[in-house]
Structures are given as C-alpha cells and as structure tokens.
Amino acid sequence: MQIKTKAIVLSALKYQEKSLIVKCFTEEVGVVSFFVRNAFAKGKSAQKMAYFQPLTILDLDFTYKNKGGLEYFKEVKVAQVYQDIYYNYNKNCIAIFVGEVLHSAFREPVVDKDFFAFLEAALLWFDTHDEVANFHLILMLELTKYFGFYPAVDTQNSLYFDWEEGVFTNRFSPCCFDEEPTFLFKKLLDLGFSTDQKVFNNRDRKRLLTMLISYYDQHLNDFRKPNSLEVLKEVFSN
C-alpha cells in the first residue's frame, strides 16, 4: 500500500557504519520504523542526516508492507523547518528528552490523527516561543490523555495524588505524593501552553519531572527512563 503522510521523528539509531533505523510517528498509519541506507555516506546517494533529528516533522512517501519489519522511504523531505529548536541549547535538550519519552511510550502502531495534530501543534508552539522551561512538563501531562492515564481531575480538591490509581485522595498511602508535591502537580494541571509560564522555579521543575517519570513508569509497560534525563535536570539547575 502506497502511503503519503506527515511524520514526526521519534528516534534514529545508527546501524553499522552508514545506515540508520528511524522510528517515526506517522499521521496515517501510526508508529513505523524505517531503514535508511547511506545516511552517513557522501554524495548524491546519501540521505540528509538533518532529516532525522528528534521531533523533525517530515513528509514521507513509502510502500507500507505492514509485516512487522522495517520499511523503506521512497521519498522523504522536511515538512516544517524549525527556526529555533536545533539552534537553542535548552530547546535542543528538551527536544532530545521528549523524543526519548515518546520513543519509549509508543508501543503499538495505533493510528490517532487527533494525537498527531496535537503533537505537531505543540512542537510548532515550542519552536516559536521563548518561555519554554515548562514545555516538557506540560507535554508529558497532556500526553497521558492519549496514553490513557490522565489524572482524574474531579478529585482534585483532595490532599494527595495517588500515582498508582491516577486520582487525588485524602487517604495517604505508599503510592501517594505527599502534600507539597501534590500541590505542584495540581498547579501543573492548571498550566497550559498559552498561560503564564513563570509559576515554577527550577527546583519545582526537577521535582515535577521526577514525579512524571514515576507516573509514566507505573502506567506504561517497559517504560525506560530517558538517557537525557540528567542532562535536562542540569539545564534547569541554575
């Protein structure tokens, strides 16, 4: 089946000397992995490495065999050229982290065009705004709506957040964040991309990030803590 679709790069793994295995979230058929020959070669036959940086938005044309193996590009080009993400150190660190989170969280090739549209819009917002220190936190929380474990906000008036059940409660247990982290978590629930971003300090962000990683680990099978987590914490430590 011939597929023409937008896609967002989740990861790119070097294979042997000149090739890549690229995992993409596509608008039309969900998550697909591609084999890219000659990604590191020189000359006309080489694929441009810039296409496969984390979160790049691509236009793809490929024959979809859907047999569980790697697919091959017939044509690939950048759909949206970012103006700032790859030239801004902090944004680039966030992009690498978000790409790792998405790579680990996507386990099934589920087609969800609303999810794709949300993620594309969020990335374009990220590229064009300066106040982005909370972007990864807001995004991780919003993604839980699509992964199926968004917190039950109707219980939000309670003191503690039970990260195992995904609810707020007045009964503390070993699966609960205590009052102060829960208060931060509630503030994050009320935060959107378009609202005032200066609501957390760097210590708050580090605590929220640790909480969200624990929440993902509880609800997603085989979720791996991103390798870039410590780098991201260091970025926001000053």
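A residue counts as exposed when its relative accessible area is over 50%, as buried when that area is under 20%, and as partly exposed in between. Keep these cut-offs at hand during the tour, which moves through a predicted model.

Begin by selecting Lys198, which is exposed because its relative accessible area of 64% lies over the 50% cut-off. Then add Glu131, with which Lys198 forms a salt bridge whose closest N and O atoms are 4.0 Å apart. Lys198 lies in the loop between helix 4 (179-189) and helix 5 (202-219), while Glu131 lies in the loop between helix 2 and helix 3 (135-147), so the pair ties together parts that are 67 residues apart in sequence. Glu131 itself counts as partly exposed, at 43% relative accessibility.

Next, select Glu28 and Lys113, another salt-bridged pair, in which the closest N and O atoms are 3.4 Å apart. This pair also links distant parts of the chain, for Glu28 sits in the loop between strand 2 (19-26) and strand 3 (30-36), whereas Lys113 belongs to helix 2 (residues 113-128), 85 residues apart. Both ends count as partly exposed, Glu28 at 31% relative accessibility and Lys113 at 42%.

Now move to Lys91 and Asp84, which form a salt bridge with the closest N and O atoms 2.9 Å apart. Is Lys91 buried or exposed? Lys91 is buried, with a relative accessible area of 2%, while its partner Asp84 is partly exposed, with a relative accessible area of 23%.

For the next stop, select Glu180, Arg203 and Arg207 together, since these residues are linked in a network of salt bridges. The structure as a whole holds seven salt bridges.

Finally, turn to the backbone and display strands 6, 7 and 8, which form an open sheet in the order 7-6-8 with antiparallel pairing. Strand 7 (167-169) and strand 8 (176-177) stand at the edges, and because each has a single partner strand, one side of each is left without a neighbour in the sheet. To follow one of these pairings in detail, select strand 6 (residues 160-162) together with strand 7: the two run antiparallel and are joined by three bridges. Which residue stands opposite Val167 of strand 7? Centre the view on Asp162, which is the residue facing Val167 across this pairing.

Key:
Residues are numbered from 1 along each chain as its sequence is written. This is a predicted model: local features need pLDDT of at least 70, side-chain atom pairs count only at pLDDT 80 or more; totals for chains, interfaces and linings use all residues. Side-chain values use heavy atoms; hydrogens and water are left out. Two strands pair if DSSP finds at least two bridges between them. Helices (H or I, at least four residues) and strands (E, at least two) are DSSP runs, numbered from the N terminus. A salt bridge is a side-chain nitrogen of Lys or Arg within 4 Å of a carboxyl oxygen of Asp or Glu. Buried means under 20% relative accessible area, exposed over 50%, partly exposed in between (1.4 Å probe, protein chains only).
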